[in-house]
Each structure stands twice: as C-alpha cells, then as structure tokens.
Amino acid sequence: MNMKNRAAVIGTGVCLPERVLTNFDLEKMVNTSDEWITTRTGIHTRRIAGKGEENYRLAVRAGQVALKQAGISAHELSLVIVATFTPHMIMPSCACFVQAEIGADQAFAYDLNAACSGFLYGLDLADAYISRQPDMKILLIGSETLSARVNWEDRNTCILFGDGAGACVLTGGREGQGVVDANLRSDGSLWNLLYMHGPESQNPALVSDDNGGSFIRMAGRDVFRYAVKAMEEAVTTLLERNGVTIDDVCLLIPHQANIRILNKLMDRLTVPREKVYINVDKYGNTSAASIPIALDEASSLGMLRRGDLVLFCSFGGGFTWGSMLMNW
Ligand code: UT7
C-alpha cells in the first residue's frame with residue numbers, strides 16, 4: 001500500500017453554542033422524560049445555537065482554532081470544505097462565508113452534503129486532493145445547526161439532535177502518517193427513512209400540497225437497524241481489505257448518533273468500550289459535526305499518539321455510511 005502523500009491532520013478545533021438544553025428542559029416542551037431519553041439514547045444534554053451562532057459562525061470559530069493549532073495562517077489554505085446539511089443559506093455555500101471571514105484569500109470553497117457522513121466523505125475528498133498535491137493545506141469543517149431543522153413538537157426527533165462545529169486542517173503527512181483507506185457507501189433507495197425537505201423544495205406555483213415544513217423526519221427503528229448493520233459491514237470490510245484486525249486499532253471514533261447503536265456496534269465488532277470515544281451524552285447527534293468534535297476532544301485528552309491507528313465510522317441520511325482508517 002502506498003502510504004506516501006496521504007492526508008494527515010495537523011490541527012483540530014471545535015465551537016459549541018453556549019446554550020445547554022437538558023432532558024429536563026425537554027420534559028417541559030414535549031411529552032417525554034429524562035429517564036426515557038437517557039435509556040433509549042444515552043443523551044443527557046445538547047447545545048442549541050442562539051443569536052450570533054449561525055452555522056457559518058460556528059464553522060468559522062472551529063476553523064480558526066484548528067488553524068491556530070496547525071500553526072498556519074488562513075492565507076496558506078488552498079481549499080475550505082464545510083460538511084453540512086443545515087447551511088444558513090442555500091447559496092452561497094457556508095464554506096464561502098467561512099473563506100471570506102477567516103481571510104482564506106487563496107482558497108476555493110464549497111459545501112458537501114452527505115448528512116451525518118459528511119465529515120468522513122470530506123476526509124476522503126481531502127485525501128484525494130492531497131494525494132495529487134501533497135503540500136496542499138485544506139480546512140475541513142463539519143458544522144450543523146440542526147435545532148433550526150427540528151420539529152420541536154415531535155418527541156421522536158427533537159430529543160436527539162444538537163448544534164456544533166468541529167474542524168481539522170489537513171496536509172500531506174510524513175511516511176506512514178495519514179489516511180490509510182476508506183470504504184464509503186450510499187443507498188439512495190432508502191431516502192425516505194430519514195429526510196428533510198428544503199424550505200421550498202419545489203416551485204410553489206406548481207405544487208398544490210404543502211410539504212409539511214422543512215423538518216427532519218425519521219423512521220427511528222429502521223434507521224437504528226440499518227445503522228448498526230451498515231457500520232459493522234463497512235468496518236469489517238475495511239479492516240479485512242487492509243490486513244488488520246480490530247485489535248490493531250488504537251481508537252474508534254464513530255458518528256455519535258445514539259448510545260444503543262454504539263453499544264451494539266461495539267458488541268458486534270468486539271471492541272472494548274475504552275477503545276471507543278463517546279460524547280453523545282453531552283452533545284446529542286450533531287450530524288456532520290459529531291466526528292470532528294469527538295476527534296478534537298480525543299486529541300485534547302491525549303488519547304491519540306503519533307503512529308496510532310484510528311478508525312472512523314458513520315451512518316446518516318441518504319442513506320450514507322462508511323469507515324476510514326488513519327495513522328495519526
Ligand atoms: O444519524 C442517524 C440519525 N438517527 C438515529 O440515530 C436514530 C436511530 N433510532 C433511534 O435511536 C431510536 O429508534 C429512537 C431513540 C429514535 C427511538 O427509540 P425506539 O426504542 O426505537 O422507540 P420507538 O420509536 O419504537 O418508540 C417506542 C415508544 C412509542 O410509544 P408506543 O407507540 O409504544 O406507545 C413512541 O411513541 O416510545 C415512544 N416515544 C417516546 N416516549 C417518550 C418516542 N419518542 C419518545 C420520547 N419520549 N421522546
């Protein structure tokens with residue numbers, strides 16, 4: 001396997017909204033209980049964006065922290081990618097706002113929508129650019145304001161999601177460092193198990209019936225079942241293809257959807273809890289932001305050492321899912 005010129009992380013950053021919404025707060029909003037939410041999802045709190053915390057502003061702050069840690073200026077960036085499905089505008093992209101705000105005057109910028117798998121798809125994309133041009137510096141951000149797209153009267157969904165942004169700066173790594181391989185998948189035929197209409201997805205003059213609002217809609221049980229099976233298969237295939245086992249993995253950083261999904265995944269992969277980074281209890285499901293937030297926390301806690309084999313996996317609307325191996 002050619003390990004030269006693969007994308008390596010040289011800085012990470014996070015920005016979380018200030019407001020914390022607890023399960024007890026939710027008890028006052030919908031017919032639910034802290035006990036139900038905790039046992040079914042493992043979530044205790046989530047962050048909710050307020051004034052001045054639009055998606056691109058969270059993305060900017062996370063990106064600036066990552067740049068600082070990487071020790072490079074925005075001027076040195078060639079590309080800004082924001083993985084999101086909740087941009088504050090459909091056009092221009094969130095990434096263009098970030099590019100302007102941070103002063104990345106040499107960079108091109110665009111958004112990537114692969115729902116909860118957006119950050120993993122973005123990492124793979126960054127790796128493809130860097131394989132071609134190893135000195136390229138890329139800012140990849142996963143940023144979501146899901147609270148704006150949640151129906152706060154629907155107890156099936158409103159308890160699950162949170163807002164936030166996580167970022168990383170990538171460039172060509174040294175020999176043996178960086179992305180090893182990725183196994184990304186999609187199945188658009190299952191779109192209607194987890195979806196969200198745009199504010200006006202179709203010409204209102206041509207469509208008579210209302211689309212019911214642009215909120216996240218989900219068949220929770222079906223999503224749960226597919227998520228466990230799909231992530232397990234994506235990981236197993238990737239490990240086999242690269243001649244490694246789960247024992248060779250130092251840390252698994254999964255998309256933070258639900259503790260029961262993660263528990264089932266850990267059981268099926270026979271990976272011990274201490275080798276898995278979990279923070280869904282604090283932030284809920286932040287979609288494309290969940291992996292980079294977890295990555296930044298794991299890195300800050302000193303859980304990642306040079307040479308460690310890190311495994312990522314995700315699952316989200318589309319359906320989109322996948323796995324990635326990276327040498328830290
Ligand atoms: O990135 C991927 C994004 N999506 C996910 O990760 C979601 C995956 N799915 C799940 O995590 C779970 O399916 C949920 C947590 C969403 C739901 O848990 P469940 O064990 O699958 O519950 P359920 O949907 O089968 O509902 C069981 C009962 C129902 O009541 P009845 O019909 O049995 O009387 C629901 O109405 O629980 C009820 N229920 C609630 N009760 C209290 C649903 N939501 C709530 C709630 N509080 N918030």
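## Two domains, one pocket

A quick word on terms: the domain bounds used here come from an automatic or database domain assignment. With that in hand, and bearing in mind that this is a predicted model, look at the largest pocket. Domain 1 (3-176) and domain 2 (179-327) both contribute residues to its lining, so the pocket lies between them. Its volume comes out at about 1100 Å³.

## What lines it

In total, 49 residues line the largest pocket, and those nearest its centre are F161, L194, I216, M218 and V223. Several elements chip in with two or more residues: α2 (34-41), β5 (108-112), β9 (194-195), α6 (220-241), α7 (259-269) and β12 (309-316). Helix α6 supplies the largest share, with seven residues.

Sorted by class, the lining has 26 nonpolar residues, 16 polar ones and seven charged ones.

## The five-stranded sheet

Now for a sheet that includes β5, one of the pocket-lining elements. Five strands make up this open sheet, ordered β1-β7-β6-β4-β5, with mixed pairing. At the edges sit β1 (7-15) and β5, each pairing on one side only. From one strand to the next, the twist averages 20°.

Further in, β4 (residues 79-83) runs parallel to β6 (residues 138-144), and the two pair over five bridges. V80, for instance, has L139 in β6 as its bridge partner.

## Helices across the sheet

Helix α5 (residues 118-132) lies across β1, β4, β5, β6 and β7 (164-172), at about 170° to β6. Helix α9 (residues 290-300) lies across β1, β6 and β7, and runs at about 100° to β1.

Terms used. Residues numbered from 1 in each chain as written. Predicted model: local features only at pLDDT ≥ 70, side-chain atom pairs only at ≥ 80, totals over all residues. Heavy atoms only, no water. 1 Å grid on protein atoms, 1.4 Å probe; cavity = no way out; pocket = protein on both sides within 12 Å on 5 of 7 lines; lining within 4 Å. Points joined across faces, edges and corners; volume = space filled by probe spheres on them. Helix = DSSP H or I, 4+ residues; strand = E, 2+ residues; numbered from the N terminus. Nonpolar A, V, L, I, M, F, W, Y, C, P; charged D, E, K, R; others polar. Pairing = 2+ DSSP bridges. Axes fitted to C-alpha atoms, helices over the stretch in contact; angles between N-to-C directions. Contact = heavy atoms within 4.5 Å.
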